[in-house]
Amino acid sequence: MRTIYFLAVGLLLGITLFKSEAASWFRIYEMFQFDSFHMYGIIGTAVGLGVLVVQLIKRKKLKGFNGAQIQINPKENRRYRYLLGGILFGLGWALAGACPGPMFTLLGSGYASMLVVIASGLLGTFVYGLIRDNLPH
Amino acid sequence: MNIFMEPWPWYISGILITGVMALLLWGNKSFGVSGNFRTLCTLCGANKKASFFKFDWRAQRWNLWVMVGTILGGFIGANFLSNDSAVSINESSVEKLQQIGATDAGKAYLPEFLFGTEALTEPKSLALLIIGGFLVGFGARYAGGCTSGHAISGLSNLQLPSLLAVMGFFIGGLVMVHLIFPILF
């Protein structure tokens, strides 16, 4: 049951990313050129509505489907890792034209080249795991 | 039903993405796709090489199912919910892209020169895909999240760390498109 639930949520995500063109390299390029409102509209609507959802969960102390109160874990209070890691991520996001969600979406859409992108994403994650103690966080 | 077959407007997409986040919170989980990269590394045996990958991957199985769903969603979106997958981006972007050799701008979903089957035998295109993927994988773990974890989940929770990360995403993206693309293409 739980498996089907999470699979269905993923299905909704994949269809949404494909159909809204958020998984298109062209849309990401256009966003960084400030040539269209499209991507800003998607992220802005999602965050604006998301703030309301999170506030509702916190104030009403809502419970999840397993009966436990929904926890929203804050991120640790650091500076460098978010800015430096974020910049590296952004460089890759604009070049590959896809962040992790769209990479998996596009793989399903039939772009075999995404296997290369995902494999190198795994390699990047692996290298981070190897050298993380030497990086400023 | 025709409206489903057309590209979906930004507000529908934004609402549905918040829906995904809310459904995961309701499942007592949090929205973050790039966490799967770490889990997949562990499944490939990375836990024998670095302590970062020593964790109980079974606790992340739910996220792998979200990932499988995302792949299937991409399949359904492209094959059953689209008549034509051309992305009509702004004319001004089309012109800029024509100049750097992306002649299919405005007519395709992804540029052929980077993602086409022939591009896989082109050393330069292949190198760019590898570098792009690597930076996303490395940067997401370094920053502790990607677009879903920071830009959507983190900003929705009004977290300062996520604001810093999203600023980083944009600095990196703007540098790539405005400063590095002119050198690359």
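**Reading a domain–domain contact in chain B**

Reader: How much area is buried between domain 1 of chain B and domain 2 of chain B?

Author: The size of an interface is often given as the accessible area lost when the parts come together. In this predicted model, domain 1 and domain 2 of chain B bury about 730 Å² between them, and carbon and sulfur atoms give 71% of that area.

Reader: Which residues of domain 1 of chain B lose the most area to domain 2?

Author: They are B:Met21, B:Phe31 and B:Ser34, which together make up 56% of what the domain 1 side buries.

Reader: Where do the two domains run in the sequence, and how many residues does each bring to the contact?

Author: The domain assignment places domain 1 of chain B at 1-82 and domain 2 at 116-185. Ten residues from domain 1 and ten residues from domain 2 take part in the contact. The C-alpha centres of these two domains of chain B are 17 Å apart.

Reader: What are the counts of salt bridges and of residue pairs in polar contact between them?

Author: The count of salt bridges between domain 1 and domain 2 of chain B is zero. For polar contact, the count is three residue pairs, with both residues at pLDDT 80 or more.

Reader: Which helices of chain B supply the domain 1 side?

Author: Helix H2 (10-26) and helix H3 (35-43) of chain B each supply at least two residues of the side that touches domain 2. H3(B) gives the most, with three residues.

Reader: How do the residues of that side divide into nonpolar, polar and charged?

Author: On the side of domain 1 of chain B that touches domain 2, six are nonpolar, three polar and one charged.

Note on methods:
Residues numbered from 1 in each chain as written. Chains lettered and ligands numbered in written order. Predicted model: local features only at pLDDT ≥ 70, side-chain atom pairs only at ≥ 80, totals over all residues. Heavy atoms only, no water. Domains from an automatic or database assignment. Contact = heavy atoms within 4.5 Å. Buried area = accessible area lost by both parts, 1.4 Å probe. Salt bridge = Lys/Arg side-chain N within 4 Å of Asp/Glu carboxyl O. Polar contact = N/O pair within 3.5 Å; in protein donor to acceptor, adjacent residues only side chain to side chain. Helix = DSSP H or I, 4+ residues; strand = E, 2+ residues; numbered from the N terminus. Nonpolar A, V, L, I, M, F, W, Y, C, P; charged D, E, K, R; others polar.
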